[in-house]
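Biologist: I would like a close look at one part of this model, taken slowly and with its surroundings kept in view. Please begin with the pairing of charged side chains.

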Amino acid sequence: MKRARSTFILALFIIPIVVLFALGVFALWEKGWLFWAWFIIPLCWGPAYLLARRQAWSAGLREAPRVHLPAYWTHQDDEAWKIVEKAVSTATGIAPQSLLDPSHYLRAAEQLIMEVTRFYHPKAEDPLGPVTLPELLTAAQLAMEDLAELVNVYVPGSHHLSIARWRMMSKFPRWYGIASNLSYMASAIFGPAATATRYAIARLVLGPALRVMQDNLMYWFYGAFLQRVGLYAIELNSGRLKVGARRWRQLIESTERTSNTSVPAAQSPAHEPESLTITIVGQVKAGKSSLANAILGRTEAAYDDLPTTQVVSRYELIDEEWLGKLTIQDTPGYGSVDDAPTMAMAVEASAHSDIVLLAANVIDAAREVDRVFWRRFDEWFTSRHHLRRPAVVVVATHIDLLSPSMEWAPPYEAWRGAEPKSPKDEAIRSATTNLAQQVFTDAVEVIPVCTGPTSNDVYGVEEWLVPALLARLGEARAVLLLRAIHRETKKDTWKRVWEQTRDAGTMLLRKSVGA
Amino acid sequence: MADERSSTDAASNPNPQLLSTQSLFERNYPIPSLWLFGKAQSGKTSIVRYLTGAEHAVIGNGFQPETERTYRYTFPTEAMPVLRFFDTRGLGEADYDPTVDTESLQQKANGIIVTVRVNDFAVQPVLEPLRRIRAARPLRPIVLALTWLHSLYPRAQHPSPDPFLKEGDHRLVPEALSRCIQEQQKMFGNLVDRTIPIDLTKPEDGFNVPDFGGQRLKDALIELLPAALGEAIRNTDDTLARLREDLEQLTSRKIRRYSRISAGVGAIPLPLIDIPAVTGIQLQMVRRIAEIYDQPPLPAALVTSLPMLGGRFLLRQGAKILLKGLPFLSMPANAATAYLTTTAIGRAANWYYWQRMLGRLPASEEFRQMVEHQIQDARNHWDRPTPQGQGEAS
């Protein structure tokens, strides 16, 4: 019933176009312009074909959609991903015909899962042996969900796409051939010479152009399929799927962190959903609390001219639009090299966060303590291979104190490559460059800010620091968010697609378990 | 004066004047040696700059290694010391053990200035060695200079009138500052004899009082150091003035001698010969003056501009007279011109090297102006009916 109605609506849309098309063709023929007007087709499709043939273009199309790799992946996971990428890159060598065969997908998936598993368990005789059935099911579920979504998003009308229709696609060129041959016969009656020319062009240009586009679509889909299978094979082998598909998604979506990098129980109750954590470290009086306040946009971290922060303080920032829940950890400043307890506290807090902000007072030249912190921080991770070290962004604080002290007239953009417009601008530029090139060569970025004395004087936080943070942790998170929104608004479509793919998913699973 | 005689006696010595000045200083003036003790960028150089008037960059280069991490800067020069500074670098760095360096300075320094940024409370690396230093010589004065006061009231002027003066109004001290000072005093306790809030900024920083608390520091040193050394600090300017007198006496003798020689050469009535010859003599004179001031050779820019200057003036004077068709008249005129330009250049060099010695870096333009000013001065004398006033002065 529903289908009949939508077909009717579609027909109402199409009828005028078809009628006008026919009338137009007739009018053109009557005027004797049809031969020339027809040339618009080869003129457009010809270049399209040539462009599609060019390597860059076809590679762009054939390349599977960029998959957003989890940010928490360890080095081992990254290495395993290379196997997946290799499988995707060799896909172009496969004959287009076999891409229309579902069993080919199952074979390829099976092979890829085995390769990845073997990478994680090189010595095991039966690599899949230790994997539990729920884990395997979880992987299959996640992969299928992703893939279904991919089809839903990128392939128009995909919820009508069945396996039978998929196969039918291979016959499409033949229909086109028959239809066009018929039309040629008809037009040959009206103008034999012109038709001969058109026929020749069509054979040489149009047919192959259509062919290339169709192939590209199939390779693109196949690549995406392999990527998803590979992604979850890695998740499976790293043991992260033990939590089950739903919990896994929840974790990814709420925090983008894994269960084994949780905050120590003493500081965070285990049941609390994990949020993105930014930890601020630095020397005594480097301006950590002021920085926390500037990021929070409110005065929450106790600030004083005497050193105040003695414990790790945690503040929450709820940003519905971009970050979701964000936790900012403010650590006590490490005072000197022998100040072991505070240093250990800073290292521990940083290790359990997603991004570390190292506050460095620009007017302070003693950087040795910061180097010690950095060393300890690295050491913490060298003994834990399965964890990934968060990126460290150095925040150059107190730029307002740089000479000339009395000058304060932002914007100061010289450090980002603009022409210095004042001595202060130049001083900020040189201080930032110095920190980046001489002191913190491992930092992903050095960003100058001013956090006081009053909130009116805050500069560089909204302008540079927050965008930089978003760029660091936003990408994966933004995609997850988008996915959630998408699912909410298109629930019906989602359900349909899920039903379509479920059967195929079970098949894949059966195959994998059988191996 | 005493050095006059000794200089004529030791004619064979390449630079007898210099030696005599040096011995004069060692005999008559005690040299205060101050030990600057603080982390990098805590304001040590600014204190040296305030006490000497030398420029930042000159002080930076002036510090010569004493031991591996200890540096020494003698003002104005090693040969003619008025003040001496020691600096231990590396405090607060991980691999630095200050023991060796502090040992080597224990006997050399008369007083210690500990520099700490007023809100830098990571003072452990300073406190530790300071305890040992204090224990070794408890009577040697230690002054705690708390710097960077303005970091607690950014972009505001220093409180005025100065609340840290004896009769100052303490209520004017910003609350944050006063708390930080108290906290620092608590941390340093009796390791220091006096706490001095100080903020020595560069003119371009825009403070109404660029050397806030400078005099306070100087007074504390004068008061706390042993009497003779305190006096030496108080009289730094007088000492420098006397030194300048001595040096000028030495150089003016040189200038007169070279001026006489150049007058003789200038009298040769062939302009193409006398100009290069005179400039050669002038260059030689400037080199000699540099030696007296114990300064490195002239900057290249000044060396090249010098002959042109003197020479151009000479040529102009010569041409004027030749045009009158009386070539033989040019002889005395050229001789006088050569004499006067050489004297002018000599005096300008005298001024220039004195500035250099004090740790200032005059621009080459300033030097050129000084030469022109001196020539103008000399011409005024020359144009008068009795031009010989210059030559016969002594």
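With which residue does B:Glu128 form a salt bridge, and how far apart are the closest N and O atoms?

Modeller: This is a predicted model, and in it B:Glu128 forms a salt bridge with B:Arg131, the closest N and O atoms being 3.4 Å apart. Both residues belong to helix α6 (residues 124–136) of chain B, where they stand three residues apart, or about one turn of the helix. B:Glu128 counts as partly exposed because its relative accessibility is 40%, which lies between the limits of 20% and 50%. B:Arg131, at 41% relative accessibility, likewise counts as partly exposed. Side chains of opposite charge can pair when their charged atoms come close.

A pair in chain A has a similar description: the side chains of A:Glu426 and A:Arg429 meet in a salt bridge, at 2.8 Å from N to O. Because they are three residues apart in helix α15 (residues 423–439) of chain A, about one helical turn separates A:Glu426 from A:Arg429. A:Glu426 has 30% relative accessibility and so counts as partly exposed, while A:Arg429, at 28%, is also classed as partly exposed.

Another salt bridge joins B:Arg117 to A:Asp364, with 3.5 Å between the closest N and O atoms. This pair crosses between chains, running from B:Arg117 in strand β5 (residues 111–117) of chain B to A:Asp364 in the loop between β4 and α14 of chain A. B:Arg117 counts as buried because its relative accessibility is 4%, and A:Asp364 is buried as well, with a relative accessible area of 6%. Residues of both chains also appear in a network of salt bridges that links A:Asp400, A:Asp457 and B:Arg155. Over all chains, the structure holds 21 salt bridges.

The loop that carries A:Asp364 lies between β4 and α14 of chain A, and helix α14 (residues 368–382) deserves a description of its own. Its 15 residues reach 21 Å from the first C-alpha to the last, close to the 21 Å expected at 1.5 Å a residue. Buried residues of α14(A) include A:Glu368, A:Asp370, A:Phe373, A:Trp374, A:Phe377 and A:Trp380. Among the elements that cover the buried residues of this helix are β1 (276–282), α13 (340–351), β4 (355–361) and β5 (391–397) of chain A.

Returning to the chain that holds B:Glu128 and B:Arg131, the secondary structure of chain B comes to 14 helices and nine strands. Of its 394 residues, 53% count as buried, and residues 24 or more positions apart account for 74% of the contacts in chain B with a separation of 6 or more. Chain B exposes about 18000 Å², of which carbon and sulfur atoms supply 55%.

As for confidence, chain B averages a pLDDT of 79, and 77% of the residues score at least 70. Among the elements of chain B, strand β6 (residues 142–147) has the highest mean pLDDT, 96, and helix α1 (residues 2–9) the lowest, 37. Over residues 1–15 of chain B pLDDT stays under 50, and the model has 14 contacts beyond four places in sequence for them; pLDDT also stays under 50 over residues 386–394 of chain B, for which there are 10 such contacts. Where pLDDT is low, the predicted coordinates should not be read in detail. The model as a whole scores ipTM 0.73 and pTM 0.62.

Methods. Residues are numbered from 1 along each chain as its sequence is written. Chains are lettered from A and ligands numbered from 1 in the order in which they are written. This is a predicted model: local features need pLDDT of at least 70, side-chain atom pairs count only at pLDDT 80 or more; totals for chains, interfaces and linings use all residues. Side-chain values use heavy atoms; hydrogens and water are left out. Helices (H or I, at least four residues) and strands (E, at least two) are DSSP runs, numbered from the N terminus. The expected span of a helix is 1.5 Å times one less than its number of residues. Buried means under 20% relative accessible area, exposed over 50%, partly exposed in between (1.4 Å probe, protein chains only). Contact means heavy atoms within 4.5 Å. pLDDT is the predictor's confidence in each residue, from 0 to 100. Accessible areas come from the Shrake-Rupley method with a 1.4 Å probe; for residues, only the protein chains shown count as cover. A salt bridge is a side-chain nitrogen of Lys or Arg within 4 Å of a carboxyl oxygen of Asp or Glu.
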